[in-house]
Amino acid sequence: MSSQSATKARRLYAYEVTPQRNAKEPVAPPGGQVKSIGGVSGAIDETTSGIGAGKWIDADLQIDSASEDRSHVIRNHAIAVAFGTDAEALDAAGRIAQHLSNCTDDRSKDALLMIVVAEDDKETEVKLWTFPQDSVFQFELAVGQQAGPSVRTLEAFSRGSHLRKAAIFRGKNRRTDFLSCRVVDFQVNASARAAADFWIERFLDARLSLGSVLGTKLLGKVLRETVAKAEDADERLELVGAAQAVRQSNREKWSIDSFARELLPEPARTRLLAHPAAQRNGDSMFALNRDVFDKLINFRVYQLDTGVWVSAPFTTEPKGMTIKDDGDQRHLTAAGYVVSESVRSRHA
Amino acid sequence: MPDDYVELKRQYESRRAALENLSTDLERETKEILTDIPHIDRIGFRVKSPDRFVDKVREKPPSEAYDEPLREVEDQVAGRILVLFRADLDVVMAEIVKEFTSVELRRKAPPTTTQFGYESDHSIFTIPKHVAPPEWKSDASAPTTFELQVRTLFQHAWAEPQHDLGYKGTADLSEESERELAWAAASAWGADQAIQRVASRQAK
């Protein structure tokens, strides 16, 4: 959030949230308004600013589009916390905590929910942070005693946990604001769907700002154009291999940056990230649509009865290759000059 | 024009280039979303002209006045999709909402079944972050939404000329003009129904 000006905390709420997704009669999470907010809000600011620029995810709330007031479970409460009276804000904060508790199942540990309302001269910011419980040691060296150091085990809420999550809203109390948020969720790519969808979809009732089809088409376009500019056949093969890998991956959510950094070696990585669309939207996350991706990549691999494999990715009409119907079989002919030769374990 | 509106117009004009880029990107993406959808006559986006922007702000009743028009006017960038058949309205919107996040979906129609007049699907969507101009990330006055209308050709055929006539309400019209516009709207509605029935029979 480095692009935003410094904000001053005005309200802070804290709740211990216990999983109650399957509870028949959920109880209100204990907590409320924190009166002394200086040190804690500073720690929240530090945690927020410690999240790298590429780690934030843009998400749009799934507003009830038939409602007159753009109603949404989190938006309504976030606005009340930010702009309501003290009593309304406290009630709304408790409802956010209750909603989080009701969304959390028994696979999760208890968590600390912190809600911070801060403002600058332009807008109000509502930060929702949740920190999971963790077992920690406390080491103490007593001065002037002979007993030596003492170590205690404690249950605490971890600011550095990989499972911490955040959502930040900015704006004023008006129809056009608090419709989107910026999110921190390191589990968004978890293989377990429940974990991957927990924060953005289930709790925030939001979705990635970049749609699945548009994001997939963007990656396909960047990939095709990078293949066309590849320096040599090896680089082209690396790009094709990465396209196959992303297609076969169990992971649902990708960005152009994550595709390049996780699947491409140099110099293909740098070349792909230099594409104007990657420069502008490299960190925009989207859910890969495999059907759309297949059409864009047009990756076909033919196994011939002679033991030869022929692959022709990124082209709809490969030059020098024809396929003719020959009775019940199809006959493939490919002709061209060999420009490179390598020993590979896959048909790319 | 009062100084406030002159300044507002100047501010709006200063972001015109960014709005034009956004409009181009949204049109391209809308076309991509609807690539495989049949019966689409045309897709177009436009940026609201500075004069119309100021008029919209000025004409707002005092009780509904904008605090920050540069943020709150939601059709600074707006798109329109024209479809051939009435049944396509829902098909198109279903595809659009898969990719763009809606905050308002309204089917505009006359208030009673015995009236004929303006009909169109109006929707408001959140501007996706990846097409928002980069300088808007730290601009608290930048718009967050855009408008999209979906209508049939016959709905459009009635709406455009009557909009061009420029009257401010039925009070401005003679009884004869009012009746003739209603007749034209009823004819457009009837033509839509007839064409849809033929299309449905052909599809069987």
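In this predicted model, strand β2 (residues 77–83) of chain B runs parallel to strand β5 (residues 145–152) of chain B, and six bridges hold the pair together. Two strands are taken as paired if DSSP finds at least two bridges between them, while strands (E, at least two residues) and helices (H or I, at least four residues) are DSSP runs numbered from the N terminus. Within this pairing, I81(B) stands opposite V150(B) of β5(B). Residues are numbered from 1 along each chain as its sequence is written, and chains are lettered from A and ligands numbered from 1 in the order in which they are written. Local features need pLDDT of at least 70 and side-chain atom pairs count only at pLDDT 80 or more, whereas totals for chains, interfaces and linings use all residues; side-chain values use heavy atoms, with hydrogens and water left out.

The pair belongs to an open sheet of five strands in chain B, which follow one another in the order β1-β2-β5-β4-β3 with mixed pairing. The edges are taken by β1 (40–47) and β3 (102–108) of chain B, each of which has a single partner strand, so one side of each is left without a neighbour in the sheet. On average, neighbouring strands of this sheet are turned by 15 degrees against each other, direction ignored, where the axes are lines fitted to C-alpha atoms (for helices over the stretch in contact) and angles between N-to-C directions run from 0 to 180 degrees.

In chain A, strand β8 (residues 180–185) is mostly covered, with five of its six residues buried; buried means under 20% relative accessible area, exposed means over 50%, and partly exposed lies in between (1.4 Å probe, protein chains only). Strand β3 (residues 57–61) of chain A runs antiparallel to β8(A) and is joined to it by four bridges, and here A59(A) has C181(A) as its bridge partner. Strand β7 (residues 165–171) of chain A is likewise antiparallel to β8(A), again with four bridges, and in this pairing A167(A) is matched with V183(A). As a general point, the side chains of a regular strand alternate between the two faces of the sheet.

C181(A) also leads to the question of cysteines: how many disulfides does the structure hold over all chains? The count is zero, a disulfide being a pair of cysteine sulfur atoms within 2.5 Å. The sulfur of C181(A) has its closest cysteine sulfur in C103(A), 14 Å away, and is therefore too far for a bond. Both residues are covered, since C181(A) counts as buried at 3% relative accessibility and C103(A) counts as buried at 7%.

The backbone of chain A has several features that deserve a careful look. Most residues other than glycine have a negative phi, and most peptide bonds are trans. R70(A), which is not a glycine, nevertheless has a positive phi of about 55 degrees; R70(A) is found in the loop between β3 and α2 (73–83) of chain A and is buried, with a relative accessible area of 0%. F178(A), in the loop between β7 and β8 of chain A, also has a positive phi, near 60 degrees, and F178(A) is buried as well, at 1% relative accessible area. A cis peptide bond with omega of about 0 degrees joins E266(A) and P267(A), and P267(A) lies in the loop between α7 (256–263) and α8 (268–273) of chain A.

A positive phi also occurs in a turn further along the chain. Strands β14 (residues 321–326) and β15 (residues 329–334) of chain A run antiparallel and are joined by six bridges, with I323(A) paired to L332(A) in β15(A). The two strands form a hairpin with two residues between them, and G327(A) in the turn has a positive phi of about 70 degrees.

Turning to the surface, F137(A), F139(A), L141(A) and V151(A) make a nonpolar patch of about 500 Å². Patches are made of residues with over 30% relative accessible area and no salt bridge, like charges being joined within 9 Å and nonpolar side chains (Val, Leu, Ile, Met, Phe, Trp, Tyr) within 5 Å; accessible areas come from the Shrake-Rupley method with a 1.4 Å probe, and for residues only the protein chains shown count as cover. A salt bridge is a side-chain nitrogen of Lys or Arg within 4 Å of a carboxyl oxygen of Asp or Glu. V151(A), which has its place in strand β6 (residues 150–157) of chain A, is exposed, with a relative accessible area of 53%.
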